Amino acid sequence: MSTKKRILLIDDEPNTLKVLSAFLTKEGYEVGTAKDGRSGLNHLQEGGWDMLITDLKLPDITGLDILEQVKATWPKLPVVMITAYGSISNAVQAMKLGAFNYLTKPVDPDELLLLVQNVFERSQLLEENQTMRRQLRDRYSLGNMVGKSKAMQELFNLIEKVAQYEANVLVTGETGTGKELVARGIHYAGQEENLPFVPIDCAAVPETLLESELFGHSRGAFTGAAEQKKGQIELAHGGTLFLDEIGELPLALQKKFLRFLQEKEIVRLGETRRRKVDVRIIAATNRDLEAEIAAGQWREDLFYRLNVISIEIPPLRERRDDIPPLVNHFLAKYNAQNGKAIQGMTGEVMEVFMAYDWPGNVRELENVIERAVVLCMGDSIAMSCLPPKLQERSAPAPSTDGVNLMEMEKRLIVQTLEKTEQNQSAAARELGISRKQLRTKMKHHGLL
Ligand SMILES: Nc1ncnc2c1ncn2[C@@H]1O[C@H](COP(=O)(O)OP(=O)(O)OP(=O)(O)O)[C@@H](O)[C@H]1O
């Protein structure tokens with residue numbers, strides 16, 4: 001049952017107060033009354049009001065003073081003014097100050113009722129609208145990012161704060177921890193408009209093409225440049241450029257990129273014209289850049305330019321509280337995608353999930369759930385729907401007699417490459433290492 005709406009009436013004529021409050025009470029509202037401005041404000045302080053109806057002319061302070069105070073303190077409280085016939089101009093001013101509407105004296109009870117109903121209808125609409133907007137915003141910013149651990153709650157707060165600034169951000173975390181989601185969160189939390197979010201994965205673009213991808217090129221700037229093309233930096237103008245795997249940026253390009261950050265200008269390959277570009281940079285890496293700086297592989301000056309604000313996402317195994325809500329989130333997602341209605345999982349599966357180390361972090365968990373939803377025939381996920389690697393978890397450790405670690409690594413790489421149809425980037429992702437690391441290992445095992 002809905003509770004009664006509470007209306008506060010302020011009027012210095014005892015008779016008007018009595019008549020109107022009796023009428024509104026009869027109509028099912030709870031009515032409070034005050035005969036001057038100050039006692040009215042005192043009542044308001046008590047809180048819990050849904051509407052204020054006040055006379056403009058009061059013995060102590062004016063209705064406009066009250067309105068101003070209400071707008072400052074309870075900006076959502078709808079206010080209706082009652083005014084003598086001769087002072088419409090004041091009523092107009094009240095509307096400008098944010099009153100919802102006004103009534104002229106003598107107040108016609110039916111007219112009052114209509115107005116009151118109107119106010120409540122409108123505020124309910126406004127509320128629904130706001131909830132919808134909040135949900136929408138959540139979906140595009142933090143809504144897609146699930147996390148109930150303390151670490152994630154803190155991360156969400158940090159994202160909302162950081163979103164208000166223009167400073168460059170460096171997001172660090174192991175592969176699959178959600179670095180791109182964080183970058184999108186920062187981008188979308190900070191704005192209402194549709195400014196561009198341009199992601200580029202420095203590990204996925206071949207080194208020779210990375211420079212022109214970033215900076216653009218003129219026609220004929222190099223073999224294969226048939227048309228002139230804007231670079232990703234230019235495409236992100238006004239918005240955010242997300243540089244994933246920034247650790248893979250070759251030293252020569254690091255220098256050029258640093259110059260761009262200092263001058264906020266770019267020159268397309270094959271051109272001499274300087275172009276002003278205004279972008280916020282969010283970079284991400286799963287490498288230890290500081291160690292690479294020490295080893296002379298990374299420019300310290302660029303690191304400091306990018307790392308104005310640093311955000312570190314802990315690996316999933318350090319925030320296991322997030323596993324159950326993530327599982328539910330992905331179950332819902334892949335149920336919907338596959339037209340399934342899987343309700344949950346067996347206790348054994350959940351135990352394995354909670355105990356497993358998730359080297360591929362949230363991405364790995366997501367893949368496991370997707371696979372299970374597709375494979376699972378019952379209405380909950382059973383051990384048999386998990387990849388062999390996880391199934392073994394619950395059984396006693398498999399015998400590794402005669403197989404050494406290197407051999408196991410080689411087998412795992414071969415299996416993963418088969419699964420990804422020889423796609424090295426995808427295999428690297430699945431294995432929780434960078435493409436470069438994968439290629440090094442493949443060479444080592446004679447697979448390349
Ligand atoms: N907190 C989270 N809630 C929901 N989904 C998540 C969360 N974290 C990561 N994911 C999902 O996991 C996958 C990997 O996330 P993302 O691509 O952002 O990771 P990453 O850290 O950028 O990985 P990489 O370093 O390999 O590029 C995505 O599908 C993403 O939607």
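In this predicted model, helix 6 (residues 150-162) packs against helix 7 at an angle of about 45°, and their axes are 8 Å apart. Helix 6 is therefore oblique to helix 7, and the crossing of this pair is right-handed. A second packed pair, helix 13 and helix 15, also has an angle of about 45°, with 9 Å between the axes. Helix 7, helix 13 and helix 15 each supply at least two residues of the shell around the ligand.

**Helix packing**

- Two packed helices are described by the angle between their axes and the distance between the axes.
- For helix 13 and helix 15, these values are about 45° and 9 Å.
- Helix 13 is therefore oblique to helix 15, because angles from 35 to 65 degrees fall outside the parallel, antiparallel and perpendicular classes.
- Helix 13 and helix 15 form a right-handed crossing.

**Ligand surroundings**

- The ligand has 21 residues around it, and those that come nearest are Thr-175, Gly-178, Lys-179, Glu-180 and Val-362.
- Helix 7 spans residues 179-189, helix 13 spans 323-338 and helix 15 spans 361-375; each of the three contributes at least two residues to the shell.
- By residue class, the shell around the ligand comprises 6 nonpolar, 9 polar and 6 charged residues.
- The ligand lies between domain 2 (150-221 + 229-314) and domain 3 (320-398), because both domains give residues to the shell around it.

**Helix 1 and the residue after it**

- Helix 1 covers residues 14-26, a run of 13 residues.
- From the first C-alpha of helix 1 to the last, the reach is 18 Å, close to the 18 Å expected at 1.5 Å a residue.
- Gly-28 follows helix 1 and has a positive phi, near 100°.
- An α-helix has 3.6 residues a turn, so residues three or four places apart point the same way.

**Backbone features in loops**

- The peptide bond joining Lys-105 and Pro-106 is cis, with omega about -10°.
- Pro-106 is located in the loop between strand 5 (101-104) and helix 5 (109-140).
- Trp-358, a residue other than glycine, has a positive phi, near 50°.
- The loop that holds Trp-358 runs between helix 14 (347-355) and helix 15.
- Helix 15, which comes after this loop, is one of the helices that supply residues of the shell around the ligand, and helix 15 packs with helix 13.

How values were computed
Residues are numbered from 1 along each chain as its sequence is written. This is a predicted model: local features need pLDDT of at least 70, side-chain atom pairs count only at pLDDT 80 or more; totals for chains, interfaces and linings use all residues. A residue is near a molecule or strand if its C-beta atom, placed from the backbone, lies within 6 Å of it. Helices (H or I, at least four residues) and strands (E, at least two) are DSSP runs, numbered from the N terminus. Ala, Val, Leu, Ile, Met, Phe, Trp, Tyr, Cys and Pro count as nonpolar, Asp, Glu, Lys and Arg as charged, and the others, Gly among them, as polar. Domain bounds come from an automatic or database domain assignment. The expected span of a helix is 1.5 Å times one less than its number of residues. Axes are lines fitted to C-alpha atoms, for helices over the stretch in contact, and angles run from 0 to 180 degrees between N-to-C directions. Angles under 35 degrees count as roughly parallel, over 145 as roughly antiparallel, 65 to 115 as roughly perpendicular and the rest as oblique. A crossing is left-handed if the near helix is turned anticlockwise from the far one by less than a right angle, and right-handed if clockwise.
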